[in-house]
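Colleague: I would like a close look at one helix and its surroundings. Please keep it brisk, and take the wider setting after the local picture.

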Amino acid sequence: MMMPVLSIQNLSKSYASGLQALKGVNLEIRKGEIFALLGPNGAGKTTLISIVCGIVTASEGVVIADGHDIVRDYRAARTKIGLVPQELATDTFETVWATVNFSRGLFGRAPDPAHIERVLRDLSLWEKRKDRIMTLSGGMKRRVMIAKALAHEPEILFLDEPTAGVDVELRRDMWALVRGLREKGVTIILTTHYIEEAEEMADRIGVISKGELILVEDKATLMKKLGKKQLTLQLQEPMDAIPAALGQWQLALKANGNELEYSFDTGEDHTEIPALLRRMGELGIAFKDLNTRQSSLEDIFVSLVTTRKGATA
Amino acid sequence: MSWLDFNRRGVWAIYHFEMARFRRTLLQSLVTPVMTTSLYFVVFGSAIGSRMTQVGGVPYAAFIVPGLIMLSLFTESLSNASFGIYFPKFTGTIYELLSAPVSSLEIVLAYVGAAASKSILLGLIILATASLFVPLHILHPFWMLAFLILTAATFSLFGFIIGIWAKGFEHLQFIPMLIVTPLTFLGGAFYSIDMLPPAWRTVTLFNPVVYLISGFRWAFFGTADVGVGISLSMTLGFFGLCLGLVTWIFRTGYRLKN
């Protein structure tokens, strides 16, 4: 495998309050991928990002960003990293142009007005460049924060809850921007608790719960592996028990015998359903309606986090 | 860290940002202290000074000039530097500073440098204002500048520490109002400590501000309450103390990082 662009090894963090926010997290991010870190509030997503970006000091563990240790070789490491934090925090009295150029300088890069202009245009901020930040709407301020993070041309971009409290238009813009960045070879790590966002954007997904990374998987594999499809048949006549002749499909009887439910993996071939329906026809079992449902990432996520809770309880 | 990869652009960006803040608030930053100083001249210099004899061979109105400049230098350095670092903490924009490839030395250099630049400029403006009221002759201009710069740097460092320590805006006012201003008034800004009863004179020698003002006044008139060597070493000592504290803050991440 190619050398990971970000390598997190055995990362732990305990706060002075005694809270253990991260427990020995290991994670490798591939160059150029979009990685979504999913998890409920307080799972440790922001702590993880904050450590990589240098805002929080790790209690234990090593982080290597593009070959540079984030502590020993922090200059080189941080130059490669851009961060858009969750909280809206801007220099209200500055103009958009000044604040974005400030960020580039802060990260030690030579002035490049053409690059800043490109970033501002991509974010629909160009017309607002002379405006003071305090005159902008919340959505525009978030765009400013993204522009600041992109000002120094980072190779790894962290987006912490990028679309929390953001309107539909901005969310769509943001997704387009992220895809555009990926095409330029930027690696993107985003945290979210909007499952649809991860489902829409990510190449790979990591699920974090209570400071532990409980799963890392390709999105497609994850959906295939854990994704189940369900066929529900609403019967015309309720039944007391499932006939033995239908045993091979391992059906479940639901809704007081009014519904038959057939669960199957999306990975299998789909010849089983016609076979099931044919056999039911032979047995004279009539149904008045049917529907199929594919489990979303959300279902997968909820089941993962809840089984985990059950296991540790 | 080697000196080769010193992030000069980062330092410049912060310095420039801080000076832009200064320009935006030019009215409060400059007019207020100049006004206050002029008032001091009217009250102390003209009203009281006209009834006073000379202090150590210097006319009273001229005698108070170094003390007045120092008073402004202390308060402005403290408030500029403390506000400069406290405000990003307050608004949350500090995330960018902490995640940027700038060393703690560079951060201190930029913030303290900007705060000190402002108060040095201010000190010089007050000096110019004062010369409108009283004829001034500066005996040791080099040492006058040296004390001015050193004091501005020291109190800007001190202010930087306060800004990091502060948990609320009221904390920013706390130390300047409760400690620095009283110590300045009791530190011989408006009188020579020789004018005090002997017991109080001894007590006063525990006030570090005495040494700062005395050294600065020596640069003007060649006379001082305490030897200029002692003044200089006390000022340098205080500077070193602040520098040590700042180093400790960055090493431990005190109130900056979790």
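What follows starts at one helix and works outward.

Colleague: Please take helix 3 of chain A: which of its residues are buried, and what covers them?

Modeller: One caution before the details: this is a predicted model.

Helix 3 of chain A runs over residues 96–106. The helix is mostly covered, with eight of its eleven residues buried. The buried set begins with A:Val96, A:Thr99 and A:Val100. A:Phe102, A:Ser103, A:Arg104, A:Gly105 and A:Leu106 complete the set.

The cover comes from both chains. From chain A it includes helix 4 (113–122) and helix 5 (138–150). From chain B it includes helix 1 (8–24) and helix 4 (94–99).

Now the end of the helix. A:Gly108 follows helix 3 of chain A, and its phi is positive, near 80°. A:Arg109 sits in the loop between helix 3 and helix 4 of chain A. The side chain of A:Arg109 forms a salt bridge with that of A:Glu153, at 3.8 Å from N to O. This pair links distant parts of the chain, 44 residues apart. A:Glu153 lies in the loop between helix 5 and strand 7 (156–160) of chain A. Neither partner reaches the buried class, because that needs under 20% relative accessible area. A:Arg109 is partly exposed at 28%. A:Glu153 is also partly exposed, at 34%.

Two of the covering helices are also joined across the chains. A:Lys148 belongs to helix 5 of chain A, and B:Glu96 to helix 4 of chain B. They form a salt bridge, with the closest N and O atoms 3.0 Å apart. Both A:Lys148 and B:Glu96 are buried.

Elsewhere in chain A there is another buried pair. A:Glu33 and A:Arg204 meet through their side chains in a salt bridge of 2.7 Å, N to O. A:Glu33 is in the loop between strand 2 (20–29) and strand 3 (34–38) of chain A. A:Arg204 is in strand 9, residues 204–209, of chain A. The two are 171 residues apart, so the bridge links distant parts of the chain. Both residues are buried.

Salt bridges also form a network in chain A. Its members are A:Lys31, A:Asp66, A:Lys80 and A:Glu155. Over all chains, the count of salt bridges is 20.

Next, chain B. B:Lys118 is placed in helix 5 of chain B, residues 104–133. This lysine has a relative accessible area of 2%, so B:Lys118 counts as buried. Beyond its neighbours within four places in sequence, B:Lys118 contacts B:Glu18, B:Met19, B:Arg21, B:Phe22 and B:Asn80.

Helix 5 of chain B also contributes to a nonpolar surface patch. The patch is formed by B:Val42, B:Val43, B:Ile48, B:Leu132 and B:Phe133. Together these residues have about 470 Å² of accessible area. Helix 2 (26–48) and helix 5 of chain B each supply at least two patch residues. Helix 2 of chain B gives the largest share, three residues. B:Val42 lies in that helix, helix 2 of chain B. At 46% relative accessibility, B:Val42 is partly exposed.

Finally, chain A as a whole. The chain has ten helices and 14 strands. Its domain assignment gives domain 1 (6–224) and domain 2 (228–294). By that assignment, helix 3, at residues 96–106, falls within the range of domain 1. The C-alpha centres of domain 1 and domain 2 of chain A are 46 Å apart.

The overall dimensions can be set beside that separation. Chain A has a radius of gyration of 25 Å, whereas a compact globule of 313 residues would have one near 20 Å. Along the principal axes, the C-alpha atoms of chain A fill a box of roughly 80 × 45 × 40 Å.

Burial and contacts finish the picture. Of the 313 residues of chain A, 48% count as buried. Among contacts in chain A with a separation of 6 or more, 71% join residues 24 or more positions apart. The accessible surface of chain A is about 14800 Å², and carbon and sulfur atoms account for 50% of it.

To return to the request: helix 3 of chain A is mostly covered, and helices of chain A and chain B are included in that cover.

Technical notes
Residues are numbered from 1 along each chain as its sequence is written. Chains are lettered from A and ligands numbered from 1 in the order in which they are written. This is a predicted model: local features need pLDDT of at least 70, side-chain atom pairs count only at pLDDT 80 or more; totals for chains, interfaces and linings use all residues. Side-chain values use heavy atoms; hydrogens and water are left out. Helices (H or I, at least four residues) and strands (E, at least two) are DSSP runs, numbered from the N terminus. Buried means under 20% relative accessible area, exposed over 50%, partly exposed in between (1.4 Å probe, protein chains only). Contact means heavy atoms within 4.5 Å. Domain bounds come from an automatic or database domain assignment. A salt bridge is a side-chain nitrogen of Lys or Arg within 4 Å of a carboxyl oxygen of Asp or Glu. The radius of gyration is taken over C-alpha atoms; the globule rule is 2.2 Å times the number of residues to the power 0.38. Accessible areas come from the Shrake-Rupley method with a 1.4 Å probe; for residues, only the protein chains shown count as cover. Patches are made of residues with over 30% relative accessible area and no salt bridge: like charges are joined within 9 Å, nonpolar side chains (Val, Leu, Ile, Met, Phe, Trp, Tyr) within 5 Å.
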